[in-house]
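Welcome, and thanks for taking a look at this one with us. Please open the sequence and the structure, and keep both at hand while you read the notes that follow.

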2 protein chains.
Amino acid sequence: MDTLPGKTVERLSQYRRRLLNLVEENVEYIFSHELAAILHITAVQVRRDLMLLGFSSVYRKGYPVKKLIEVIGQRLDSESGQNVAIIGMGNLGTALASYLTGLRPKLRIVALFDIDENKKGLKIGGVKCYHVSEMGKVIKSKKISIGVVTVPQTSAKKVASQLIKSGIKGILNFTHIPLEVPSDVYLEEYDMITSLEKVAYFVKKKKK
Amino acid sequence: MDTLPGKTVERLSQYRRRLLNLVEENVEYIFSHELAAILHITAVQVRRDLMLLGFSSVYRKGYPVKKLIEVIGQRLDSESGQNVAIIGMGNLGTALASYLTGLRPKLRIVALFDIDENKKGLKIGGVKCYHVSEMGKVIKSKKISIGVVTVPQTSAKKVASQLIKSGIKGILNFTHIPLEVPSDVYLEEYDMITSLEKVAYFVKKKKK
DNA sequence: TAACAAATGTGAAAGAAATAACAATAAAAT
DNA sequence: ATTTTATTGTTATTTCTTTCACATTTGTTA
């Protein structure tokens with residue numbers, strides 16, 4: 001099965017999130033233009049993405065919501081799911097831990113780490129916090145493949161290399177330090193100041 | 001002066017952030033391929049972005065770091081700067097407030113808001129927290145043009161419409177609720193689950 | 001001083017992503 | 001039963017972004 005473009009993966013993730021809300025509201029079918037409106041994109045874009053999934057609508061009713069969620073899952077998720085650790089239980093790490101825990105059955109947050117001995121044993125969203133010195137051990141025993149890095153700048157590189165040494169395969173970096181990873185590790189970096197500066201730039205431009 | 005592509009704006013923000021670190025280390029000049037390596041992109045990409053700024057290097061020495069920071073600033077920042085508010089002082093909002101405060105002289109975090117009366121008067125990074133009921137008043141008096149939304153899902157829409165009513169021109173939305181804004185307001189949405197799902201997808205793909 | 005080397009700046013080409021255009025389909029309206 | 005309408009799926013086109021390729025520049029080396 002072909003690898004989807006990164007942009008499509010992002011949108012599929014968004015579709016699923018919105019669709020899950022719609023299921024709550026007992027919506028059974030949705031038209032491409034409705035889903036598009038929610039995400040501020042075009043209907044063609046939605047249809048094209050779904051085309052890549054080989055997913056079809058029911059005539060004049062739209063796309064069946066539950067079924068679509070299922071198909072997106074088949075494409076995005078790993079069959080047996082993946083285990084995730086969050087490293088750094090400051091404000092950001094704590095926010096992420098409580099938001100992500102239990103959110104996606106196939107992306108299980110199974111361990112938290114912090115350097116502070118006092119946080120050892122603490123539970124956030126039912127997930128246990130370990131001391132960073134236990135990282136290697138826990139990552140292996142819990143078969144963790146993805147690490148979310150939310151530590152202070154100063155320890156970012158050290159934590160990343162520990163993660164890599166422990167055999168992690170994907171890193172989501174929220175620190176402001178650029179990381180280096182070997183080619184078999186997937187790295188995604190996100191920086192909040194960049195988002196804010198982008199908003200600032202386009203606000204400035206709009207004024208003219 | 002022409003509007004830069006969104007992608008270029010993002011990279012310029014990144015360049016500046018890295019360059020600011022380099023200044024600390026007393027680096028005076030940098031080659032395109034060095035800057036590229038830090039950001040995991042190509043040297044051509046860097047040169048092309050800088051070309052859009054009309055910025056030139058010094059032969060055989062590379063780009064002068066301080067001067068480049070200045071030129072990026074001239075292009076990205078507003079001359080008089082912009083004032084920013086963060087709404088929602090949970091873990092995420094608190095993390096953002098302490099990270100962003102004082103980080104960019106032209107992007108001043110000047111007010112925080114929360115619905116919790118107990119947080120009123122609280123200071124994070126020297127910035128005062130107000131009750132949400134004061135939003136309209138404070139936004140106007142402090143001439144705030146950008147709002148960062150980090151409230152719980154349930155109040156996201158209400159907060160956004162209050163912001164818009166108060167005359168805000170840009171919104172950075174960290175909630176998981178899609179917002180609707182009029183065309184004169186710039187909206188940027190960021191969702192952490194999407195980043196994580198993207199990592200998960202490409203980790204899965206790498207395994208094969 | 002001639003050949004070389006290290007980088008740059010940029011036109012042209014390639015690649016990726018988004019949009020337009022439209023035939024196809026089947027329900028609903030006349 | 002014909003026409004109209006709503007919507008899709010997909011091909012073609014356009015636009016946006018990145019990469020290639022190379023002439024250019026000037027310091028360095030032989």
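Which element supplies the largest share of the surface near DNA strand C? The answer is helix 3 of chain B, with 4 residues. Please keep in mind that this is a predicted model. The points below take chain A, the two DNA strands, the nonpolar core and a few single residues in turn.

**Chain A as a whole**

- The secondary structure of chain A consists of 8 helices and 9 strands.
- Measuring tape in hand, so to speak: the C-alpha trace of chain A spans about 60 × 50 × 35 Å along its principal axes.
- Chain A has 208 residues, and 55% of them count as buried.
- Among contacts in chain A with a separation of 6 or more, 55% join residues 24 or more positions apart.
- The domain assignment splits chain A into domain 1 (6-74) and domain 2 (82-193), and the C-alpha centres of these two domains lie 30 Å apart.

**Around DNA strand C**

- DNA strand C is surrounded by 20 residues, and the closest are Tyr59(A), Ser32(B), Arg48(B), Arg60(B) and Tyr63(B).
- Sorted by class, the surface near DNA strand C holds 8 nonpolar, 6 polar and 6 charged residues.
- Both chains take part: helix 3 of chain A, helix 2 (32-39) of chain B and helix 3 of chain B each supply at least two residues of this surface.
- Of the atoms of DNA strand C within 4 Å of the protein, sugar or phosphate makes up 45%, and the rest belong to bases.
- Two polar contacts go to bases: Arg48(B) has a polar side-chain atom 2.6 Å from a base oxygen of DNA strand C, and an N or O atom in the side chain of Tyr59(B) is 2.8 Å from a base nitrogen of DNA strand C.
- The backbone is contacted too, with a phosphate oxygen of DNA strand C 2.5 Å from an N or O atom in the side chain of Tyr63(B).

**Around DNA strand D**

- There are 19 residues around DNA strand D, of which Ser32(A), Arg48(A), Arg60(A), Tyr63(A) and Tyr59(B) come nearest.
- Within 4 Å of the protein, 47% of the atoms of DNA strand D are accounted for by sugar and phosphate.
- Arg48(A) has a side-chain N or O atom 2.7 Å from a base oxygen of DNA strand D.
- Phosphate oxygens of DNA strand D are reached from both chains: one is 2.5 Å from an N or O atom in the side chain of Ser32(A), and one is 3.3 Å from an N or O atom in the side chain of Thr42(B).
- Helix 2 (32-39) and helix 3 (43-53) of chain A, together with helix 3 (43-53) of chain B, are the elements that give two or more residues to the surface near DNA strand D.
- That surface divides into 7 nonpolar, 6 polar and 6 charged residues.

**The nonpolar core**

- The largest nonpolar core contains 102 residues, and Leu19(A) and Leu19(B) touch the most other members.
- Beyond its neighbours within four places in sequence, Leu19(A) is in contact with Ile30(A), Leu35(A), Val65(A), Leu68(A), Ile69(A) and Ile72(A).

**Three residues to click on**

- Ala85(B) sits in strand 3 (residues 82-87) of chain B. Ala85(B) counts as buried because its relative accessible area is 0%, under the 20% cut-off.
- Sequence neighbours within four places aside, Ala85(B) contacts Ala111(B), Phe113(B), Ile144(B), Ile146(B), Gly147(B) and Val148(B). From Ala85(B) to Lys66(B) the C-alpha distance is 29 Å, for 19 residues in sequence.
- Ser145(B) belongs to strand 7 (residues 144-149) of chain B, and Ser145(B) is buried with a relative accessible area of 10%.
- Leaving out residues within four places in sequence, Ser145(B) has contacts with Gln82(B), Asn83(B), Ile168(B), Lys169(B) and Gly170(B).
- Arg108(A) lies in strand 4 (residues 107-114) of chain A. Its relative accessible area is 32%, so Arg108(A) is partly exposed.
- Not counting residues up to four places away, Arg108(A) touches Ser80(A), Gly81(A), Gln82(A), Asn83(A) and Val84(A). The C-alpha atoms of Arg108(A) and Gln82(A) are separated by 6.3 Å, although the two are 26 residues apart along the chain.

Conventions
Residues are numbered from 1 along each chain as its sequence is written. Chains are lettered from A and ligands numbered from 1 in the order in which they are written. This is a predicted model: local features need pLDDT of at least 70, side-chain atom pairs count only at pLDDT 80 or more; totals for chains, interfaces and linings use all residues. Side-chain values use heavy atoms; hydrogens and water are left out. Domain bounds come from an automatic or database domain assignment. A residue is near a molecule or strand if one of its heavy atoms lies within 4 Å of it. A polar contact is a pair of N or O atoms within 3.5 Å; within protein, one must be able to donate a hydrogen and the other to accept it, and residues adjacent in sequence count only if both atoms are side-chain atoms. Ala, Val, Leu, Ile, Met, Phe, Trp, Tyr, Cys and Pro count as nonpolar, Asp, Glu, Lys and Arg as charged, and the others, Gly among them, as polar. A nonpolar core is a set of buried Ala, Val, Leu, Ile, Met, Phe, Trp, Tyr and Cys residues joined through side-chain atoms within 4.5 Å. Buried means under 20% relative accessible area, exposed over 50%, partly exposed in between (1.4 Å probe, protein chains only). Contact means heavy atoms within 4.5 Å.
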